[in-house]
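Subject: Handing over the model

Hello,

Here is the structure I promised to pass on to you. Please open it first, and then read my notes on its cavities and helix packing below.

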Amino acid sequence: MAKYILSVDGGGIRGIIPAMILAEIEKRAKKPISQIFDLVAGTSTGGIVVAGLCKKDRRGNPQYSANDLVELYKEDGPHIFKSSFFRRKILSWFSGTQYPYENIEFILEKYFGDDILKNTLNNVLIPSYDIHNNCPFFFKSWKEDRNFIKLKDALRATTAAPTYFEPKHLNVKQEKRVLVDGGVFAHNPAACAYANSKQLFPNAQIVLLSIGTGRLSNPIKHEELGKIGWVKTLLNVMFASSLDVVNYQLDKIMDDRYIRIQSQLTIASTEMDNVTSRNIKSLQLEANAAIEDNQEVIDGFVKYQAR
């Protein structure tokens, strides 16, 4: 019997792209994402997407649809990346971050409240990195020592991208953790999801759908970058290169049971914090183009899963 795994990349405001693709899958499958997949994994903004789709309402049903999360990015994305010019240009030199963490915490509180990881509708995996203990840290809804952690705290940790937000300080079983964006080692968490699926479902055939947030089409003009520009560019390069490695590995291991939907950004910005209304509209156009270009892939997955 097959088990279905969903993995969603990081990418800041570009999370609107996988949210729209998943909305299309919900539409075609005529059921919520939480009923389609047996394990969902998401890094950074991808964590927000998968956690949102697996959050229960008071009746035990999905509280949010993928379309609801599209609205989250459109309406609340600009607030998450809201900062004064003085903070971005001056204070960031001292604090190391461009945006106050209170902004994203406000949005996470708004959508997730005090709900805990254990209460999600199915298995949820959210990667982060512990810079205090120098090791990866995984939030797992099925792991007893971590499943009472609040969703908003797990998401605050996985979205703490270096230079963007301060790390999340969290005590887990009386052990100090200082957590940053899981994208520093698993921007595409598909390999992490696959490894955990083999433990959770050791005798099952694994089918893994991995959705990206778009990537740069044009070469980087390194000669035009200043010191700050290099920091952000290298972070983006590190994130992008990890995508290629994971795709190569899983394509070789899983063959056609690894399904990847990723688009080259042609009109939208690759910047994780470009929340202008123009760019958000461009990201929506990029998502629609990705859906159009992957019609057969999406239909094939929905039909395969429905068997």
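The lining of the largest cavity has 10 nonpolar, five polar and one charged residues (Ala, Val, Leu, Ile, Met, Phe, Trp, Tyr, Cys and Pro count as nonpolar, Asp, Glu, Lys and Arg as charged, and the others, Gly among them, as polar). Please keep in mind that this is a predicted model, in which local features need pLDDT of at least 70 and side-chain atom pairs count only at pLDDT 80 or more, while totals for chains, interfaces and linings use all residues. Residues are numbered from 1 along each chain as its sequence is written, and side-chain values use heavy atoms, with hydrogens and water left out.

A cavity here is a set of points, on a 1 Å grid over the protein atoms alone, where a 1.4 Å probe fits but cannot get out; lining residues have an atom within 4 Å of a point. Grid points are joined across faces, edges and corners, and a volume is the space filled by probe spheres set on the points. Searching the whole structure this way gives two cavities of 30 Å³ or more.

The largest cavity holds about 160 Å³ of space. Its lining is made of 16 residues, and Gly-12, Thr-45, Ile-80, Phe-81 and Ile-104 are the ones nearest the centre. Two or more lining residues come from each of α3 (45-53) and α4 (66-80), with α4 giving the most, three residues. Helices (H or I, at least four residues) and strands (E, at least two) are DSSP runs, numbered from the N terminus.

The second largest cavity has a volume of about 30 Å³. Around this second cavity you will find Ile-25, Leu-209, Ile-259, Ile-261, Val-297, Ile-298 and Phe-301. By class, that lining has seven nonpolar, no polar and no charged residues. β9 (258-261) and α12 (295-306) each supply at least two of them, and α12 has the largest share, with three residues.

Now to the helices. α4, already met at the largest cavity, packs against α3 at an angle of about 140 degrees, with the axes 9 Å apart. (Axes are lines fitted to C-alpha atoms, for helices over the stretch in contact, and angles run from 0 to 180 degrees between N-to-C directions.) That makes α3 oblique to α4; angles under 35 degrees count as roughly parallel, over 145 as roughly antiparallel, 65 to 115 as roughly perpendicular and the rest as oblique. In this contact (heavy atoms within 4.5 Å), Thr-45, Ile-48, Val-49, Gly-52 and Leu-53 of α3 meet Ala-66, Leu-69, Leu-72 and Tyr-73 of α4. These residues divide into seven nonpolar, two polar and no charged.

Which residues of α1 meet α4? They are Ile-16, Ala-19, Met-20, Leu-22, Ala-23 and Glu-26, and their partners in α4 are Ala-66, Asn-67, Leu-69, Val-70, Tyr-73 and Lys-74. By class, that contact has nine nonpolar, one polar and two charged residues. The axes of α1 (residues 16-29) and α4 come within 8 Å and cross at roughly 160 degrees, which makes α1 roughly antiparallel to α4.

One more pair is worth a look: α6 (residues 101-112) and α7 (residues 151-158), whose axes come within 9 Å and cross at roughly 145 degrees. Here Tyr-101, Ile-104, Glu-105, Leu-108, Glu-109 and Phe-112 in α6 meet Leu-151, Lys-152, Leu-155 and Arg-156 in α7. Six nonpolar, no polar and four charged residues make up this contact.

Best wishes

Note on methods
1 Å grid on protein atoms, 1.4 Å probe; cavity = no way out; pocket = protein on both sides within 12 Å on 5 of 7 lines; lining within 4 Å.
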